[in-house]
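This report gives a short description of the structure shown below, for a reader who has not seen it before.

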Amino acid sequence: MIKKSAPRTQVRTQKIRGKVRLREHVMGWLFVGPFGIVFLAFLIAPLAYALYLSLFQKKLIGGTSFVFLDNYVKAFTDPSFLSGAWFVIRFSLVSIPLQIIVALAMALILDAITSRFVRFSRLMIFLPYAIPTVIGAVMWGFLYSKSFGPLTDIFGLFGATAPDFLSSNLIFYGLVNVVTWQWAGYYMIILYAALQGIDPTLYEAARMDGAGAWQVALRIKIPLIASALLLILVFSLIGTLQFFNEPQILRSLAAGTIGPDFTPNMYAYQQAFSLANFNYGSAISFALGGIVFVGVYAFLFFTRKRRSFL
Amino acid sequence: MKKRLLAAAAMLAAATALVACSPGGGGGASTASGSGASNCTNTISKKNLPVVTMWGWYPNMQLVVDNFNKQNNEVQVCWTNVGQGSDEYDKFQTAISAGTGAPDVIMIEMDRIPTFQIQNALVDIKKYGFDAVKADYSEGAWKDVSVGDAVYGVPVDGGPMAMIYRKDIFEKYDITPPKTWAEYEQAAQKMKDAGGPPFGDFAANVSALTMALQIQKGAAPFTYDPAQQGSIGVKLNDQASKEVLDYWGRLAKNGLVGTQDQFTPEYISGVINGKYATYISAAWAPGYLTGAGVGKGEDTGKFAVAPLPQWDPGNPVQVNWGGSAFSVTSQAKNPELAAKVAYGLYADEESLTHGWTNQVIFPLNLKAINDPEFVNLKVAFFDGQQANKEVYVPAANAYKGVTYSPFGQYYFDAMTKQVSALIEGSVTGAQAADRLQADVANYAKEQGFTVQ
């Protein structure tokens with residue numbers, strides 16, 4: 001008898017547990033539902049549609065045909081796409097370290113000193129991020145201008161000719177400057193917040209052991225905010241590889257310097273909206289997505305020991 | 001490992017999502033403003049009449065639409081301004097691709113007509129009362145809005161070209177308006193030697209201007225007729241095209257002209273401050289410059305206009321830059337009604353007169369061009385010079401028309417790239433023309449054309 005009844009009670013408790021679990025499941029889905037619907041409708045569905053579009057080719061003569069991966073083959077042999085991709089990669093290699101060094105230096109300085117100017121400085125450094133990219137880009141366009149900008153006057157004082165940051169030789173640095181100006185303050189805030197989260201007793205202990213301000217910064221603060229540093233690295237890498245707003249805006253001031261294929265994203269925009277080639281535009285977007293994925297994945301792989309935010 | 005993969009997948013999704021979403025900005029507004037007649041910029045008072053929607057950006061469009069609606073008892077126009085030039089084209093393009101969202105009637109520049117025509121986005125309006133208005137426009141104007149034998153637009157304004165110059169600077173350096181391009185170069189050299197400002201400007205971002213200057217020397221960039229199934233002639237590196245690029249490349253290299261992008265604040269301020277002695281441009285330029293603040297302050301009354309310099313004075317050629325038309329889109333619910341709007345809008349005397357007196361347009365309607373008041377107008381911008389009579393009307397009358405390509409945007413972008421390289425000095429004019437030819441011919445082939 002005992003042998004027989006034991007499984008029965010087990011079954012019953014299992015049934016009850018199953019009911020509870022089912023109810024939990026339903027509740028869970030209900031909570032996720034609103035997000036899930038929006039997520040599917042506005043992210044997954046457009047992505048799937050763009051992927052679908054990228055497998056076709058539309059010609060002005062001959063119409064649309066299914067070409068499978070031909071658009072991707074074309075993209076990775078298209079000098080316009082490749083030079084754009086190479087540009088954003090070079091741009092990342094120069095601008096990201098620069099932004100992070102600037103942000104880190106400012107965060108460490110603001111963290112180390114205590115005075116009433118800290119709040120004010122923090123706000124001022126953060127301010128460029130609060131200015132819309134478009135307005136920031138237009139503003140820099142005017143600052144770089146030979147007739148409106150201050151550069152001509154400043155260089156004129158020393159009898160030199162001002163560099164033209166909108167010329168094809170210097171546009172790279174002109175854009176590095178705009179991006180650093182815009183984003184360094186934002187990254188500074190993230191790093192500053194991470195620094196504020198460190199237990200101050202650690203500094204005390206370090207000082208007891210004879211560490212100076214430099215050693216505290218290098219040996220304690222930076223290692224402890226490594227995960228925040230990684231976070232902004234990934235953010236800036238994704239953002240920079242998709243560079244679009246600033247060059248697109250400055251294009252109206254320097255169309256000769258900044259072509260429509262200046263960055264991959266601009267090229268995708270041109271293909272889709274100016275040349276009516278949504279198919280190739282989608283393919284470029286996905287090809288760029290692939291490059292971003294490879295870049296970010298490789299980066300995460302090499303820094304996996306320190307990763308704590310994903 | 002699994003967790004990492006998941007993270008990576010999430011990253012990919014996020015990455016592609018961002019990639020996919022940034023180009024989206026261009027399209028959104030069109031459906032909202034285009035298809036329905038509910039959000040017109042103008043107010044329609046005759047509510048019981050059928051409504052035709054239209055996009056356009058003439059500065060006095062509101063008045064033009066009101067005039068039309070007031071005078072018409074058959075149809076009313078619902079007008080929206082969705083942006084100028086390429087802003088509007090991008091929206092129209094998106095609406096074409098989407099199959100919905102386009103207006104019934106659209107204002108487009110003539111050089112864009114084949115681009116939209118080849119996508120079957122425009123309606124041939126020849127069968128909707130073309131004969132009644134045929135005599136109102138010159139043959140050159142009709143050619144510019146035609147593709148093959150079909151007519152895809154009603155000409156409104158044109159851009160006969162001329163040389164605008166600064167009287168004060170010409171006087172200071174003792175220069176008379178050059179009649180040929182050879183004289184233009186000599187005058188530029190003379191001015192430079194005397195320490196004067198650049199004589200003109202050779203910009204990378206005005207491909208339509210460069211094309212017009214090449215056509216003036218005898219280039220015929222495209223031969224295209226849809227009746228010849230998918231065949232197109234692309235001739236961008238003939239002798240005339242090469243020589244014109246070499247000419248301007250040489251002027252830029254020798255520092256005789258500036259190389260500033262036009263339609264930028266930088267360029268306009270240069271024009272205001274007398275940084276350029278001449279401005280090779282079209283009949284809409286005085287209106288555009290006035291709107292941008294030129295000729296109002298210190299430089300009031302300092303501008304004059306002379307006919308465009310010629311290559312061969314014995315055999316003068318007049319060319320055109322810009323100009324636009326009203327086209328009927330294939331998304332129009334009632335093409336016949338839409339065509340009535342296209343023919344009638346901006347064709348009444350009141351609107352035309354308002355247009356030319358305020359320098360908003362150079363009219364192509366012969367009723368306006370032949371109006372003695374228009375011809376004899378003393379243009380304030382040119383210090384009372386009778387610019388229409390002396391320069392623009394003869395230029396407009398001598399204009400023969402051009403065949404544009406069905407991939408105008410690509411051609412202009414490619415031209416900008418080459419002219420930019422030419423200005424930098426990394427290629428010669430002839431090389432730039434050869435590269436442009438290769439680039440555009442290749443694109444045409446990719447698009448399925450047989451290139452001749």
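The text that follows takes up the chains first and then one strand and its partners.

The structure is a predicted model. Chain B contains 20 helices and 12 strands. Chain B has a radius of gyration of 23 Å, close to the 22 Å given by the globule rule for 452 residues, so chain B is as compact as a globular protein of that length. The C-alpha trace of chain B spans about 70 × 65 × 45 Å along its principal axes. Of the 452 residues in chain B, 52% are buried. Among the contacts in chain B with a separation of 6 or more, 78% are between residues 24 or more positions apart.

Chain A is described here by its domains. Domain 1 of chain A covers 2-53, and domain 2 of chain A covers 70-306. The centres of these two domains, taken over C-alpha atoms, are separated by 42 Å.

Within chain B, strand S6 comprises residues 154-166, and 13 of its 13 residues are buried, so S6(B) is largely enclosed by the rest of the structure. S6(B) pairs with S11(B), with S9(B) and with S10(B). The table gives the details of each pairing.

| Partner of S6(B) | Residues | Sense | Bridges | A bridge pair, S6(B) residue named first |
|---|---|---|---|---|
| S9(B) | 278-282 | antiparallel | 5 bridges | Met161(B) and Ala282(B) |
| S10(B) | 303-307 | antiparallel | 5 bridges | Met163(B) and Ala306(B) |
| S11(B) | 320-328 | antiparallel | 5 bridges | Pro160(B) and Asn320(B) |

Key:
Residues are numbered from 1 along each chain as its sequence is written. Chains are lettered from A and ligands numbered from 1 in the order in which they are written. This is a predicted model: local features need pLDDT of at least 70, side-chain atom pairs count only at pLDDT 80 or more; totals for chains, interfaces and linings use all residues. Helices (H or I, at least four residues) and strands (E, at least two) are DSSP runs, numbered from the N terminus. The radius of gyration is taken over C-alpha atoms; the globule rule is 2.2 Å times the number of residues to the power 0.38. A residue is buried if 20 or more other C-beta atoms lie within 10 Å of its own, exposed if 12 or fewer, and partly exposed in between; C-beta atoms are placed from the backbone. Two residues are in contact if their C-beta atoms, placed from the backbone, lie within 7 Å. Domain bounds come from an automatic or database domain assignment. Two strands pair if DSSP finds at least two bridges between them.
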